[in-house]
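Here is a short tour of one protein for anyone just starting out with structures. Keep the 3D view open and turn it around as you read.

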Amino acid sequence: MTDSTDLGPEDRKIVTLARSVRARNGVPEGAAVRDETGRTYAAGTVALESLKLSALQTAVAMAVAGGATSLEAAAIVSETGAPSAEDRAAVRDLGGPGTPVLLAGPDGTLRSTVSAG
């Protein structure tokens, strides 16, 4: 395990944003992404009867809606053990296969980093 203080300040920021969304909204996952200009987008899980999106899928959709053309990094805060294939695909669609996806636990401790590819 890697403490989130081992991350650079910009990666630490998206982990903190993801953690804040999860706690504030009381959702299973929080996520945040950073686009090519450094803008960040944070979101929680969407669980409506007619629409279900993971937190990361929602954050990617927010980035696209905000005009982002690429992603530098993504972060998920969750109890899960690994980013889902669908989450990695959403990041890959906008950021490319080499985009890092950080997975942190609810306490903000980094559990793993994988590429979107």
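## A helix to start with

Which residues of helix H2 (residues 55-65) are buried? They are Ala55, Leu56, Thr58, Ala59, Val60 and Ala63. Try finding them in the viewer, and bear in mind that you're looking at a predicted model.

Just after H2 comes glycine 67, whose phi is positive, at about 100°.

## The overall picture

Now zoom out. The protein has 3 helices and 7 strands. Starting from the N terminus, they come in the order α-β-β-β-β-α-β-α-β-β.

What about overall size? A compact globule of 117 residues would have a radius of gyration near 13 Å, and this protein, with 12 Å, agrees with that. If you draw a box around the C-alpha atoms along the principal axes, you get roughly 35 × 30 × 25 Å.

## Inside and outside

How much of the protein is buried? Of its 117 residues, 42% count as buried. The accessible surface adds up to about 5,600 Å², and carbon and sulfur atoms make up 53% of that.

Contacts tell you how the chain comes together. Take the contacts with a separation of 6 or more: 57% of them involve residues 24 or more positions apart.

## Charges and salt bridges

The protein has 11 positive and 14 negative charges, and the mean positions of these two groups are 3 Å apart. Some charged side chains pair up, giving a count of 4 salt bridges.

One of these joins arginine 34 to aspartate 11, with 3.1 Å from N to O. Arginine 34 sits in strand S1 (residues 30-35) and aspartate 11 in helix H1 (residues 9-25), so this pair links distant parts of the chain, 23 residues apart. Is arginine 34 buried or exposed? It's buried, because its relative accessible area is 7%, and the cut-off for buried is under 20%.Arginine 34 has a second partner, glutamate 72, and here the closest N and O atoms are 2.8 Å apart. This pair also links distant parts of the chain: arginine 34 is in strand S1, while glutamate 72 is in strand S5, 38 residues apart. Glutamate 72 counts as partly exposed, at 38% relative accessibility. Because they share partners, the salt bridges join Asp11, Arg34 and Glu72 into one network.

## Another salt bridge

Arginine 22 and glutamate 79 also meet through their side chains, in a salt bridge of 3.9 Å from N to O. Arginine 22 belongs to helix H1, and glutamate 79 to the loop between strand S5 (71-77) and helix H3 (85-95), so the pair ties together parts that are 57 residues apart in sequence. Is glutamate 79 buried or exposed? With 55% relative accessibility, glutamate 79 counts as exposed.

## Three residues to look up

Let's begin with alanine 116, which you'll find in the segment after strand S7 (110-115). Its relative accessible area is 0%, so alanine 116 is buried. What does alanine 116 touch, leaving out residues up to four places away in sequence? The answer is Arg88, Val91, Arg92, Gly96, Pro97, Thr99 and Val101. You can also check its distance from glutamate 86: the two are 30 residues apart in sequence, and their C-alpha atoms are 9.9 Å apart in space.

Next up is threonine 16, in helix H1. It has a relative accessible area of 47%, so threonine 16 is partly exposed. Along the chain, threonine 16 and glycine 108 are 92 residues apart, yet 7.0 Å separates their C-alpha atoms.

## One last stop

Finally, go to leucine 53 in strand S4 (residues 52-53). Leucine 53 counts as partly exposed, at 27% relative accessibility. Not counting residues up to four places away in sequence, leucine 53 touches Thr45, Val46 and Thr58. Thr58 is also one of the buried residues of helix H2, so you've met it before. As for aspartate 6, it is 47 residues from leucine 53 along the chain, with 30 Å between their C-alpha atoms.

Methods:
Residues numbered from 1 in each chain as written. Predicted model: local features only at pLDDT ≥ 70, side-chain atom pairs only at ≥ 80, totals over all residues. Heavy atoms only, no water. Helix = DSSP H or I, 4+ residues; strand = E, 2+ residues; numbered from the N terminus. Rg over C-alpha atoms; globule rule 2.2 N^0.38 Å. Buried < 20%, exposed > 50% of the residue type's maximum accessible area, 1.4 Å probe, protein only. Contact = heavy atoms within 4.5 Å. Areas by Shrake-Rupley, 256 points an atom, 1.4 Å probe, with all protein chains shown as cover. Lys, Arg positive; Asp, Glu negative; His and termini not counted. Charge placed at Lys NZ, Arg CZ, Asp CG, Glu CD.
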